[in-house]
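Below is a short report on one protein model. It covers two threonines, a set of paired strands and a pocket.

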Amino acid sequence: MSIQVNRLSDPTVRAFVTAVNAHDQAAFQAVLTPDAAMSDDGSDRNIADWTDREIFSSHGHMDVENESDGGHALIVTFRNDTWGEMRTRWQFTVDGGKVSRFETGQA
């Protein structure tokens with residue numbers, strides 16, 4: 001059973017998931033620090049290229065199954081048009097109400 005996005009504990013993470021699911025690139029960029037970084041399966045990636053490919057151009061969607069670490073760690077069923085559906089983990093570093101880093105990978 002998934003957790004409704006509006007019930008996620010951390011407002012910054014909630015805004016991140018909301019932007020992803022709405023395919024709203026402007027809202028997504030607004031929730032990131034200017035120097036935000038990310039990794040996928042332990043490898044640092046270019047955040048703009050990765051999010052365009054894995055989220056926005058491929059209709060990515062996050063269904064949150066579980067949250068921990070004050071809402072900064074999620075288990076998500078993630079799906080997009082490229083890879084289909086997979087169970088993933090997401091870990092967020094939040095600084096000053098913005099995401100400065102997120103790490104994702106298969107759970």
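T12 is buried, because its relative accessibility is 7% and the cut-off for buried is under 20%. The model is a predicted one. T12 sits in helix α1, which spans residues 11-22. Setting aside neighbours within four places in sequence, T12 is in contact with V31, V94, G97, K98 and V99.

A second threonine, T104, belongs to strand β6, residues 98-106. T104 has a relative accessible area of 4%, so T104 also falls under the 20% limit and counts as buried. The table sets out the two residues.

| Residue | Element | Relative accessible area |
|---|---|---|
| T12 | α1 (residues 11-22) | 7% |
| T104 | β6 (residues 98-106) | 4% |

What does the side chain of T104 reach at 3.1 Å? The partner is the backbone oxygen of R89. R89 also appears among the contacts of T104, with neighbours within four places in sequence left aside. That list holds M38, S39, D40, D41, W50, T88, R89 and W90.

Next, the strands. Strand β1 covers residues 32-40 and pairs with β6 in the parallel sense. The pairing of β1 and β6 runs over 5 bridges. S39 has E103 as its bridge partner in β6.

β1 also pairs with strand β2, residues 43-45. Here the strands run antiparallel, joined by 3 bridges. In β2, S39 is bridged to D44. S39 therefore has a bridge partner in β6, E103, and one in β2, D44. Between β1 and β2 lies a hairpin with 2 residues between the strands. In this hairpin, D41 takes a positive phi near 50°. D41 is also one of the contacts of T104.

Now the pocket. Rolling a probe the size of a water molecule over the atoms shows where empty space is left. The largest pocket has a volume of about 200 Å³. Its lining comprises 13 residues, and the closest to the pocket centre are D40, W50, E54, W83 and M86. Two of these names, D40 and W50, also occur in the contact list of T104.

Which elements each supply at least two residues of the lining of the largest pocket? They are α3 (47-56), β4 (73-80), β5 (84-95) and β6. By class, the lining has 5 nonpolar, 5 polar and 3 charged residues.

Terms used:
Residues numbered from 1 in each chain as written. Predicted model: local features only at pLDDT ≥ 70, side-chain atom pairs only at ≥ 80, totals over all residues. Heavy atoms only, no water. Buried < 20%, exposed > 50% of the residue type's maximum accessible area, 1.4 Å probe, protein only. Polar contact = N/O pair within 3.5 Å; in protein donor to acceptor, adjacent residues only side chain to side chain. Contact = heavy atoms within 4.5 Å. 1 Å grid on protein atoms, 1.4 Å probe; cavity = no way out; pocket = protein on both sides within 12 Å on 5 of 7 lines; lining within 4 Å. Points joined across faces, edges and corners; volume = space filled by probe spheres on them. Nonpolar A, V, L, I, M, F, W, Y, C, P; charged D, E, K, R; others polar.
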